[in-house]
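User: Please take a close look at one part of this model for me. I would like the ligand site and what borders it.

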Amino acid sequence: MKLFWTPASPFTRKVMVSARELGLERDIEIIPTTWPHGWGYSQVPLNRELSDASPVARIPTLITDDGVILVDSTTICLHLDTLAGGNVLLPAGTAASRTWSLYGIADAIIESQIAIRAESLRRAGARCESFIAKHAARIDRCFDVLESRATELECRPEQRPDLAMIAAGVACGYQDWRDWLVDFRVGRPRLAHCSDVFGARPSMQSTMPQETPQH
Ligand SMILES: N[C@@H](CCC(=O)N[C@@H](CS)C(=O)NCC(=O)O)C(=O)O
């Protein structure tokens, strides 16, 4: 498998953490891609292999061993779970709806984090502050729900995390990393604890975010 990757993308980190938790990271060939900062608000020159492979041209994109293109982190994680035997990162049957419920909230945080990132890349004066405020408010509400449902998050060291914990852990990790995002820990002690415990896992330690190189 080939994965188009950047070190800053939380969507890509979700895939890499899943791969590591499933023992599949060695089966993935990483293809680092560069993104000029203008990506947030304009068309930028892309890695040719990525734009040839996917009309969506976003990170992460996976080319499976059969040459199938997967263009979204959730479907890539599900593909990895299937390769690992299925229902490893998700419970079987209807019990999965609880995992999806939490996952959707955590993933919405990541979407809003990246929306703010994209908008913030515009020069001062060109940014839409009400757009940023709308996404910041959504992040805040979603973190509040993760705090109130923190006992459902599988963060105990002896537990294999599910997809909801992975998405929540990555969302917390991105919020910690970007100093222009507010501290999610204030008033959310259970989520902060869960993030710390989960963040100590090798899958998280080996995927710490870094700024994507410009060249
Ligand atoms: N829903 C997608 C979102 C992926 C996404 O937005 N990736 C960002 C980087 S974190 C990207 O490639 N943005 C480039 C663009 O939108 O042109 C997923 O889960 O993979």
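Which polar side-chain atom lies 3.1 Å from a nitrogen atom of the ligand?

Analyst: That atom belongs to Asp72. Keep in mind that this is a predicted model.

Start with the polar pairs. The side chain of Asp72 faces a ligand nitrogen at 3.1 Å. Ser73 supplies an N or O atom of its side chain, 2.6 Å from an oxygen atom of the ligand. Ile59 takes part through its backbone: a polar atom there is 2.7 Å from a ligand nitrogen. On its own, the ligand has 520 Å² of accessible area, and the protein covers 81% of that.

Now the surroundings. Asp72, Ser73 and Ile59 belong to the set around the ligand. That set also includes the aromatic side chains of Phe11, Trp35 and Trp39. Ser9, Arg58, Pro60 and Ile114 are there too.

Next, the backbone at Ile59. The peptide bond from Ile59 to Pro60 is cis, its omega near 0°. Pro60 sits in the loop that runs between helix 2 (48-53) and strand 3 (61-63). Ala57 is in the loop between helix 2 and strand 3 as well. Its phi is positive, near 55°, though Ala57 is not a glycine. Both features depart from the usual pattern: most residues other than glycine have a negative phi, and most peptide bonds are trans.

Last, the helix that holds Ser73. Ser73 surrounds the ligand with the others, and this residue also helps join helix 3 (residues 73-83) to helix 4 (residues 96-120). The two axes come within 13 Å and cross at roughly 140°. Angles over 145 degrees would count as roughly antiparallel, so helix 3 and helix 4 are oblique to each other. On helix 3, the contact is made by Ser73, Thr74 and Leu78. Helix 4 contributes Trp100, Tyr103 and Asp107. By class, that contact has 3 nonpolar, 2 polar and 1 charged residues.

Key
Residues numbered from 1 in each chain as written. Predicted model: local features only at pLDDT ≥ 70, side-chain atom pairs only at ≥ 80, totals over all residues. Heavy atoms only, no water. Axes fitted to C-alpha atoms, helices over the stretch in contact; angles between N-to-C directions. Helix = DSSP H or I, 4+ residues; strand = E, 2+ residues; numbered from the N terminus. Parallel < 35°, antiparallel > 145°, perpendicular 65-115°, else oblique. Contact = heavy atoms within 4.5 Å. Nonpolar A, V, L, I, M, F, W, Y, C, P; charged D, E, K, R; others polar. Near = heavy atom within 4 Å. Polar contact = N/O pair within 3.5 Å; in protein donor to acceptor, adjacent residues only side chain to side chain. Areas by Shrake-Rupley, 256 points an atom, 1.4 Å probe, with all protein chains shown as cover.
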